[in-house]
Amino acid sequence: MARHEPASPVVRQIDQQFLICSICLDRYCNPKVLPCLHTFCESPPSVCWSVPLLHPSVTLCSPTTLSICPLICLSLPPCSHTSVCLQNYIPAQSLSLSCPVCRQTSILPERGVPALPNNFFITNLMEVLQRDPDPRGAPPAPLPPLGAATGQPLCCPNHEGKVMEFYCEPCETAMCRECTEGERREHRDHRTVPLRDVLEQHKAALQHQLDAVRARLPQLAAAVGLVAEISRQLGQRRAEAEAEIGSSFEELEAALRQRREVLLRDLEATCAAKQQVLEAQLEVLRQGQESILSSCAFTEQALHHGSATEVLLVQKQMGERLRELAARPFPEHPHENAQLEFHAEPEGLRRSIQNLGALLTTSATAHTTVATGEGLRQAVVGQPCSLSVTTKDKDGALAEVQDNRNGTYELVYTPRAEGDFVLSILLYGQPVRGSPFRARALRPSDVPPSPEEAKRRVKSPGGGHVRQKALRRPASMYGSAKRKENPIDDELIFRVGSRGREKGEFTNLQGISTSSAGRIVVADSNNQCVQVFSNEGQFRLRFGVRGRSPGQLQRPTGVSVDTNGDIIVADYDNRWVSVFSPEGKFKTKLGAGRLMGPKGVAVDRNGHIIVVDNKACCVFIFQPNGKLVARFGSRGTAERQFAGPHFVAVNNKNEIVVTDFHNHSVKVYNAEGEFLFKFGSHGEGNGQFNAPTGVAVDSNGNIIVADWGNSRIQVFDSAGSFLSYINTAADPLYGPQGLALTSDGHVVVADSGNHCFKAYRYLQ
């Protein structure tokens, strides 16, 4: 059965634009409007009389027995159509409905779909077109506005022929008089007023809402343009990156081909040179061989066939010839060898190629990115002023930026004149949240001193570093002569690990660190990985892949955890420091090109990363973004010199404590790298060291040191005076390395020689 098409183009346009249900794709039947203002059929009848409603030669049957069918048929017999609209679209017993067009979820009325509001504009428009269809062939007219007035009031859908002239305020619906009198159950105790009394009020409110919504169109248009431009730029960046990838690999292929040609030429030249030497030697040997053969043959012929006279005549000449051949030196040993082979290490190159290149991107958006710092409010003329910008994605999470940053940038500017100024911060060309900022530049003389500066201006009586003496702990019953006079009465809590390559196993573990979140982090050096455990020694995580590309580990030694939980790893052989998320995801690296052999690493109270360079015998201080703040130290025995420094810790004064391995001492510096004091000497006595390694500082400022050569752990006060040692006799250490304090107050030490780490109860 085919659907009847309206005759007039105008009517056809109205029919297609306003009168088609988007569920059944046919004419509306009892149209219901949802809260999102989309309209659908309530439920088309299962049986209808096929009547060409808009055909000018057909008149309607009794309207009381005939509904408008969603399918217009050309034949007069009844036809059956499947009911597919709202009534059947919504699952049975459902209390809500989702709009088929916009997916907005709405709560169904208690009576279900039939209680949804009727779309009287659609119903009225359909009635108008039924009464006054355009004559066939009439010229197209402008499309009338939806719900254009016909001069006739709307009829009540519940009472045929009754005009809707009242309005129920609680139900927010129009009704006829019979609705107010006959349906007392539905509108009982509801306040109803004449429709004309509230019409202007609702029209004004609707117009106000319309104006407010329409005012958003310019903003949306600008947003559409901005997002479309970013989408275009993204496509352009993709094409550029694709071209760069192709160009890079073409260059690599060309370099490989060039290298192949060079190797082949070198092979040919090397082989030719060796062959030339061997050919010259062969020529000499063959000439000597020929001379001996010919002389021997001539002599033998004379001896066997010559007369006595002939033999005597040639005897002297032949004798001299034979003596000369017998004494002539011949190059009987080869002047060259046949050793010629191609040697390469394609596996390393293959791994490098597999990790070659990286796509750098971030989800940071300007409207969620925030700027903080004193520089947003105030600055000093002629002096650098800094502020921090933290990039975030659309959901407000920190955006991961891979180009040697961690989502936080430090901006530095220097105002040239005093007064108020405007500071604008843009991200990808868009202002960050709150930008532009209004700030003021002051003269240096107008800036009041900070509390810290005021403290620094007060000099101590001695004028130098004040050595605060801590209380000694009482001697232990385990004490013995000389080396063990004052042990701490602590005991081994647990031991984790053995030699191996599986989870919870180690091969030459080095650094160890802890976090406030109750984690113990271990640098498993020879297994090229980092392992994470709970404070109770339960395995939690292992990450790290062997290699020399960013994110890979070659020889992890030192390890530390910052306030965000990020894991900072000193990689001795890769000569850089890698930063991983708490889950072990690579974030960035720093120090590449500067470090020669990083060993220990720590984080100070300013968030700076302190790195001990064992090979260069110095200490580096970096910002989290990799910017170098300071460097101090060199090889030697002086106060600011080191001989193989190992590990580092930071105390509650932000002072830097470094173990000087071959100088058998511990040295303390301030945050700027100025020398404060040192303690320790070579030996086995209390307070002496045989190559100190790991170091940690407790909440009281006491310094705990792993004594590698003496296989013990000593405790000193904040001024470097010996206090005691930790009793490890129950399970002796063998070459302890890194050392740290857990969040619950225990000492953990990397027992490198025993391939495990141990936790001891520590009494502060």
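Which residue in S37 is the bridge partner of Lys-667? The legends below start with that pair.

**Figure 1. A bridge partner for Lys-667.** The answer is Lys-678, which lies in S37. This is a predicted model. Lys-667 falls within strand S36, which covers residues 665-669. S36 and S37 run antiparallel, and four bridges join them.

**Figure 2. Four strands make an open sheet.** The strand order is S34-S35-S36-S37, and the pairing is antiparallel. Two strands form the edges: S34, residues 645-650, and S37, residues 675-679. Each edge strand pairs on one side only. From one strand to the next, the twist averages 20 degrees. In general, the strands of a sheet pair through backbone hydrogen bonds, either parallel or antiparallel.

**Figure 3. The whole protein in numbers.** The protein has 764 residues, and 40% of them count as buried. Its secondary structure comes to ten helices and 44 strands. The exposed area is about 44,100 Å². Carbon and sulfur atoms supply 53% of that area. Now take the contacts with a separation of 6 or more: residues 24 or more positions apart account for 51% of them.

**Figure 4. The largest nonpolar core.** This core holds 22 residues. Which of them touch the most other members? They are Leu-19, Cys-21, Leu-34 and Cys-41. Strand S2 (39-41) and helix H3 (120-131) are the elements that give two or more residues to the core. H3 gives the most, with four residues. As a general rule, nonpolar side chains in soluble globular proteins tend to be buried together.

**Figure 5. Around Cys-41.** Set aside the neighbours within four places in sequence. Cys-41 is then in contact with four other cysteines' positions, listed here by name: Cys-21, Cys-24, Cys-29 and Cys-85 are among its contacts. Arg-27, Tyr-28, Asn-30 and Leu-86 are also in contact with Cys-41.

**Figure 6. Salt bridge between Arg-260 and Glu-261.** The closest N and O atoms of this pair are 3.3 Å apart. Is each partner buried or exposed? Arg-260 is exposed, with a relative accessible area of 52%. Glu-261 counts as partly exposed, at 36% relative accessibility. By the rule used here, the count comes to 14 salt bridges. In general, side chains of opposite charge can pair when their charged atoms come close.

**Figure 7. Lys-274 meets Glu-336.** These two residues form a salt bridge, and their closest N and O atoms are 2.6 Å apart. The pair links distant parts of the chain, 62 residues apart. Lys-274 sits in helix H7, residues 217-305. Glu-336 sits in the loop between helix H8 (308-327) and helix H9 (346-354). Lys-274 counts as buried because its relative accessibility is 14%, and the cut-off for buried is under 20%. Glu-336, at 27%, counts as partly exposed.

**Figure 8. A salt-bridge network.** Which residues are linked in a network of salt bridges? They are Arg-495, Asp-731, Asp-751 and Lys-758. Within this network, Asp-751 forms a salt bridge with Lys-758. Their closest N and O atoms are 2.8 Å apart. Asp-751 is buried, with a relative accessible area of 0%. Lys-758 is buried too, also with a relative accessible area of 0%.

How values were computed:
Residues are numbered from 1 along each chain as its sequence is written. This is a predicted model: local features need pLDDT of at least 70, side-chain atom pairs count only at pLDDT 80 or more; totals for chains, interfaces and linings use all residues. Side-chain values use heavy atoms; hydrogens and water are left out. Two strands pair if DSSP finds at least two bridges between them. Axes are lines fitted to C-alpha atoms, for helices over the stretch in contact, and angles run from 0 to 180 degrees between N-to-C directions. Buried means under 20% relative accessible area, exposed over 50%, partly exposed in between (1.4 Å probe, protein chains only). Contact means heavy atoms within 4.5 Å. Accessible areas come from the Shrake-Rupley method with a 1.4 Å probe; for residues, only the protein chains shown count as cover. A nonpolar core is a set of buried Ala, Val, Leu, Ile, Met, Phe, Trp, Tyr and Cys residues joined through side-chain atoms within 4.5 Å. A salt bridge is a side-chain nitrogen of Lys or Arg within 4 Å of a carboxyl oxygen of Asp or Glu.
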